[in-house]
Amino acid sequence: MTDYDPVGHILLTPADPDASCRARRLRRLGLGDRPAPALDDFARTLARTARTPWAMVTFVGERHQYFAGLLAPAGLPYDGGLPQAGRAADRGRRVPLDHGFCPYVVVRRKALVLDDVRDYPRFAGNPVVDELGIRSYMGAPLVDHHGQVLGSAAVMDHEPRPWGRQGLGTIKAMARELADGISPPPRGAAPAQAPYGLAQAPYGPGGTPYGGTWSGYGDAGAYGG
């Protein structure tokens, strides 16, 4: 089943049969309910690499999604550009499941590439399109070593973007490395003192190993691999 808006013509949120299992895994990892400086660093480098005003590390729960890592433009509606709830640290980070596109990445377990959101009726009516002026999106799943999808790493822009195969490959590679840092395999476990299981901020202010910027070619389509 899927959820529809009252008018009955825009798909808002995908069915998520794995939500309970994912929520339990996130609780065991201590994720999904507070910001993490290392993940904010990752979001900043992700945005710099993609040359976008938005980047986020999103953990998708049963009732909401949480941006544990976030870079967003200042001065937008709803404090940081997204609906706010709860204590001050959560402003702009705790958002409904029907805002944005990361829940689709998580449920489908695949990267999602939208060069121009308005080209896809399923996504063109999403609240972030009108409220925030979002026109393009690309995100990749964060899959832990158990095969559980925890969330996504994603970027958004106010202009259409030809992300291309290079962009898709880059965000998938960065998401894989981040997931390995959050939930490493047993033989490569991070030190206990590392925040959120991260041995280090893998994409901190020092730069990225993935070539700096994305100059896409071709068309990766609505859904990447």
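Buried here means under 20% relative accessible area, and this cut-off is used in the legends below, which describe a predicted model.

**Figure 1. Overview of the predicted model and its secondary structure.** The secondary structure of the protein comes to seven helices and eight strands. Of the 225 residues in the protein, 52% are buried. Among the contacts in the protein with a separation of 6 or more, 68% are accounted for by residues 24 or more positions apart. The structure also holds six salt bridges, including the three that are shown in later views.

**Figure 2. Close-up of helix 2 (37-50) and the elements around it.** The 14 residues of helix 2 should span 20 Å at 1.5 Å a residue, and the end C-alpha atoms of the helix are 20 Å apart, which agrees. Helix 2 is mostly covered, with 11 of its 14 residues buried; these are A38, L39, D40, D41, F42, A43, T45, L46, A47, T49 and A50. The buried residues of helix 2 pack against strand 3, strand 4 (65-71), strand 8 and helix 7. Helix 2 is followed by R51, a residue whose phi is positive, near 55°.

**Figure 3. Close-up of helix 7 (residues 164-182) and its packing partners.** For the 19 residues of helix 7, a rise of 1.5 Å a residue gives an expected span of 27 Å, and the end C-alpha atoms are 27 Å apart, which agrees. The buried residues of helix 7 are G164, G167, L168, T170, I171, A173, M174, A175, L178, A179, G181 and I182. These buried residues pack against two helices, helix 1 (19-29) and helix 2 (37-50), and against strand 3 (54-60), strand 6 (112-114), strand 7 (136-143) and strand 8 (149-157).

**Figure 4. Close-up of the contact of helix 2 with helix 7.** The axes of helix 2 and helix 7 come within 12 Å and cross at roughly 170°. Because angles over 145 degrees count as roughly antiparallel, helix 2 is roughly antiparallel to helix 7. From helix 2, the residues L39, F42, L46 and T49 meet T170, I171, M174, L178 and I182 of helix 7. The residues of this contact divide into seven nonpolar, two polar and no charged.

**Figure 5. Close-up of the salt bridge of D40 with R93.** The closest N and O atoms of D40 and R93 are 3.0 Å apart. Since D40 lies in helix 2 and R93 in the loop between helix 3 (77-81) and strand 5 (94-95), the pair ties together parts that are 53 residues apart in sequence. D40 counts as buried at 13% relative accessibility, and R93 is buried as well, with a relative accessible area of 11%.

**Figure 6. Close-up of the salt bridge of D41 with R44 in helix 2.** In this pair the closest N and O atoms are 2.1 Å apart. D41 and R44 are three residues apart in helix 2, so about one helical turn separates them. An α-helix has 3.6 residues a turn, so residues three or four places apart point the same way. D41 counts as buried at 17% relative accessibility, whereas R44 is partly exposed, with a relative accessible area of 37%.

**Figure 7. Close-up of the salt bridge of R161 with D157.** The side chains of R161 and D157 meet with an N to O distance of 2.8 Å, and both residues are buried.

Notes:
Residues are numbered from 1 along each chain as its sequence is written. This is a predicted model: local features need pLDDT of at least 70, side-chain atom pairs count only at pLDDT 80 or more; totals for chains, interfaces and linings use all residues. Side-chain values use heavy atoms; hydrogens and water are left out. Helices (H or I, at least four residues) and strands (E, at least two) are DSSP runs, numbered from the N terminus. The expected span of a helix is 1.5 Å times one less than its number of residues. Buried means under 20% relative accessible area, exposed over 50%, partly exposed in between (1.4 Å probe, protein chains only). Contact means heavy atoms within 4.5 Å. Axes are lines fitted to C-alpha atoms, for helices over the stretch in contact, and angles run from 0 to 180 degrees between N-to-C directions. Angles under 35 degrees count as roughly parallel, over 145 as roughly antiparallel, 65 to 115 as roughly perpendicular and the rest as oblique. Ala, Val, Leu, Ile, Met, Phe, Trp, Tyr, Cys and Pro count as nonpolar, Asp, Glu, Lys and Arg as charged, and the others, Gly among them, as polar. A salt bridge is a side-chain nitrogen of Lys or Arg within 4 Å of a carboxyl oxygen of Asp or Glu.
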